[in-house]
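I opened a new model today and kept notes as I went. The aim was to go from the whole chain down to one helix pair.

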Amino acid sequence: MSRKIKKLFYSIIITLIFFFTSKSLALALDISIRVLVYKGKEFSITGRSLTLYIKNNEQIRLESLSKITGRLEGLNLILEVSSESQNTQRFELENRSVIEVLGKDITVNSTTYRGGLKIINRNDNILIINILSIEEYLYGVVPAEVPYYWPIEALKAQAVLARTYALKCITNSAGKDYDLENTQNSQVYKGKNGEYSTTTEAVNSTMGEVIFYNNNIASIYFHSTCGGHTESAKNVWNTSTFPYLVGVECPYCSESPWSGWERSIKREEWDKIIKGGEIEIEYDSSGRILRLNGVDGTKIRSAFNLPSTLIIGIEIRDKEVIIKGKGYGHGVGVCQWGMKKMAELGFSYKDIILYYLPGVTIDAYRRF
Ligand SMILES: [Zn+2]
């Protein structure tokens, strides 16, 4: 091949690669997500060039607004709408009304969001749902789940985990008003206010990448600190449907503030839950307490508000019981403090994910 033809050949290949990669990325970008950001009785929305659609029997469209407030009176929603020229209009909308808001710098009760809003008043509550592209949503999620100053490979791992979790929620929410919540019930989302350049870079540089198992989107779990060994999903939720959530050794999280802890519990509180004088402990394969005197480890954890079930010492005194343990969280899936250390040691975000979730693959998102 002559040099010219070779050059042409390579440039065609590069163009083709770019075309197909950008196509799959564009598909990923096209996916929108619906996040519940407010549930309550009254709200205040500000912004620039707001457009409001009231989607009741008659469709009403109002433009160039600067403020929209709403409150419930009985089941009806009272809306007050101010235009940029200071005119105010009032609407009374019946139960199950749907409103949409588009515009710039949309701010709901002091939090600014990308994308638009859908507002539904339903049975005693106003729901405000932020609708935006999944990648923009992740800008406000990753810094709420891990510190923005952690190493970039750890932030990228968290971005892929959060994207996978969000897509899984979308596939499971057909027929519902929203895909997920902005709290720990789903994953914490702080809108535009919570964004940092480092975490935004982590989202952008992993754009569209998702974790699969057997060609299905994986179910993602993570926790703060495993304490030395991650936990099998089978031991916590009694399910064997996640072969990649089996529990692995983790020598990486010893610098976590939760690597060791101690709790004092009043003896009378202890005696309410734990019966019998002699302590008999059944450990699971990760070293966590499966049962203590017949009581499940997870029940003991919630009853005494313990950071984890990885208990390494129990001392029963006259008036108190001292419990020593390691780790914070259920221990299933990715250990976030371990993820940080692995990134510091030079592992890539893919190495980190494949270490904690053995058997998964990481690939560009293409389809549902
Ligand atoms: Zn760990």
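The entries below run from overall layout to a single packing contact.

Entry 1, status. I am working with a predicted model.

Entry 2, extent. I looked up the chain dimensions first. Along the principal axes, the C-alpha atoms of the protein chain fill a box of roughly 80 × 75 × 35 Å.

Entry 3, secondary structure. I find ten helices and 21 strands in the protein chain.

Entry 4, domains. The domain assignment lists domain 1 as 33-134, domain 2 as 137-216 + 337-364, and domain 3 as 261-325. I then took the C-alpha centres of domain 1 and domain 3, which are separated by 49 Å.

Entry 5, burial and contacts. Of the 368 residues in the protein chain, 41% are buried. I also checked sequence separation: among contacts between residues at least 6 apart in sequence, 64% join residues at least 24 apart.

Entry 6, a helix pair. I picked α9 (residues 336-344) and α10 (residues 349-356), whose axes are 10 Å apart and which pack at an angle of about 140°. How are α9 and α10 oriented to each other? Roughly antiparallel would need an angle over 145 degrees, so the pair is noted as oblique. I record the crossing of α9 and α10 as right-handed.

Entry 7, the residues involved. On the α9 side, the contact is made by Met339, Met342 and Ala343. On the α10 side, Asp351, Ile352 and Tyr355 take part. Sorted by class, the contact of α9 with α10 has five nonpolar residues, one charged residue and no polar ones.

Definitions and conventions: Residues numbered from 1 in each chain as written. Predicted model: local features only at pLDDT ≥ 70, side-chain atom pairs only at ≥ 80, totals over all residues. Domains from an automatic or database assignment. Helix = DSSP H or I, 4+ residues; strand = E, 2+ residues; numbered from the N terminus. Buried ≥ 20, exposed ≤ 12 C-beta atoms within 10 Å, placed from the backbone. Contact = placed C-beta atoms within 7 Å. Axes fitted to C-alpha atoms, helices over the stretch in contact; angles between N-to-C directions. Parallel < 35°, antiparallel > 145°, perpendicular 65-115°, else oblique. Left-handed = near helix turned anticlockwise from the far one by under 90°. Nonpolar A, V, L, I, M, F, W, Y, C, P; charged D, E, K, R; others polar.
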